[in-house]
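Reader: I have a model open and want to learn to read it. Can we take it feature by feature?

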Amino acid sequence: MEEHIDIVDSNGKPIGISVSKSEIHAKGHLHNTAHIWFFTSDGKILLQQRAASKAIYPLLWDVSVAGHINAGETPKQAAIREVKEEIGLDISEEKLIKIGVFECFQSYPNGITDNEFHNTFIALISNPISNMTLQKEEVEAVKYVSINQFYELLKNSKTNNHFVHSNRNYYEFVVKSIATKITN
């Protein structure tokens with residue numbers, strides 16, 4: 001059964017109508033997603049490689065975990081569900097630190113129009129990759145990178161096919177937010 005997602009207004013608030021995920025993308029309705037960026041106490045960031053079967057940016061590296069917020073869910077509920085689904089870990093709402101909501105409005109040649117508000121969280125993690133169970137439909141691989149490695153990969157993202165280059169400013173904000181938590 002296809003997910004149903006709340007259509008939201010320009011402030012990210014549900015308007016009382018939910019539709020299928022395919023309609024959300026076909027008609028370009030505004031909608032919410034949850035993004036969770038995991039980091040370790042020694043300054044490593046968990047990256048996810050998007051599955052080869054993904055319709056948008058297959059095999060590029062991106063946020064640790066992300067997904068649509070289903071109809072009636074809160075951003076934190078969606079975050080917890082997505083973490084369990086995509087990498088097989090259980091986390092609590094208390095671990096999630098919200099760092100902002102970011103607009104991402106893009107249209108793609110395959111007909112998908114993605115008008116999303118990324119409800120973005122960071123969270124401390126201590127799990128080795130060997131403890132993670134990857135959802136094959138969503139996740140090709142995961143890896144930890146240092147903040148310096150992250151910036152080096154990002155610096156050349158126009159040519160190295162590592163990150164989604166159009167998300168550069170978003171990535172920089174996230175890494176700065178993580179860095180403040182590591183130094184505190």
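Author: Start with glutamate 3, in this predicted model. Its relative accessible area is 26%. Buried means under 20% and exposed means over 50%. Glutamate 3 is therefore partly exposed.

Reader: Which side chain does glutamate 3 meet in a salt bridge?

Author: Look for a Lys or Arg side-chain nitrogen within 4 Å of a carboxyl oxygen. Here the partner is lysine 21, at 3.5 Å from N to O. Lysine 21 is also partly exposed, at 23%.

Reader: What does the pair tie together?

Author: Check where each residue sits. Lysine 21 is in helix H1, and glutamate 3 is in the segment before S1. The two are 18 residues apart in sequence, so the bridge ties together separate parts.

Reader: How many salt bridges does the structure hold?

Author: Nine. Some join up. Glu73, Arg81, Glu82 and Glu85 form a linked network. Within it, arginine 81 pairs with glutamate 82, with 2.9 Å between the closest N and O atoms.

Reader: Are arginine 81 and glutamate 82 buried or exposed?

Author: Both are buried.

Reader: Now a helix. How do I read spacing there?

Author: An α-helix has 3.6 residues a turn, so residues three or four places apart point the same way. Now the case here. Lysine 155 and glutamate 152 form a salt bridge, their closest N and O atoms 3.3 Å apart. They are three residues apart in helix H3, so about one helical turn separates them. Glutamate 152 is partly exposed, at 42% relative accessibility.

Reader: Which residues of helix H3 are buried?

Author: Ile147, Phe150 and Leu154. Look down the axis of H3: the buried residues fall within an arc of 55 degrees, so they line one face of the helix.

Reader: Next, pockets. How much space lies in the largest pocket?

Author: About 730 Å³. It has 34 lining residues, and Arg50, Lys54, His68, Glu116 and Glu138 are the closest to its centre. Then sort the lining by character: eleven nonpolar, eleven polar and twelve charged.

Reader: Which elements supply at least two residues of that lining?

Author: Helices H1 and H2 do, along with strands S3, S4, S6, S7 and S8.

Reader: And how much space lies in the second largest pocket?

Author: About 200 Å³. Its lining has 16 residues, with Gly12, Pro14, Asn32, Pro75 and Asn119 nearest the centre. Strands S1, S7 and S8 each give two or more of the lining residues. By character, the lining splits into six nonpolar, six polar and four charged.

Methods: Residues numbered from 1 in each chain as written. Predicted model: local features only at pLDDT ≥ 70, side-chain atom pairs only at ≥ 80, totals over all residues. Heavy atoms only, no water. 1 Å grid on protein atoms, 1.4 Å probe; cavity = no way out; pocket = protein on both sides within 12 Å on 5 of 7 lines; lining within 4 Å. Points joined across faces, edges and corners; volume = space filled by probe spheres on them. Helix = DSSP H or I, 4+ residues; strand = E, 2+ residues; numbered from the N terminus. Nonpolar A, V, L, I, M, F, W, Y, C, P; charged D, E, K, R; others polar. Buried < 20%, exposed > 50% of the residue type's maximum accessible area, 1.4 Å probe, protein only. Arc of directions from axis to C-beta.
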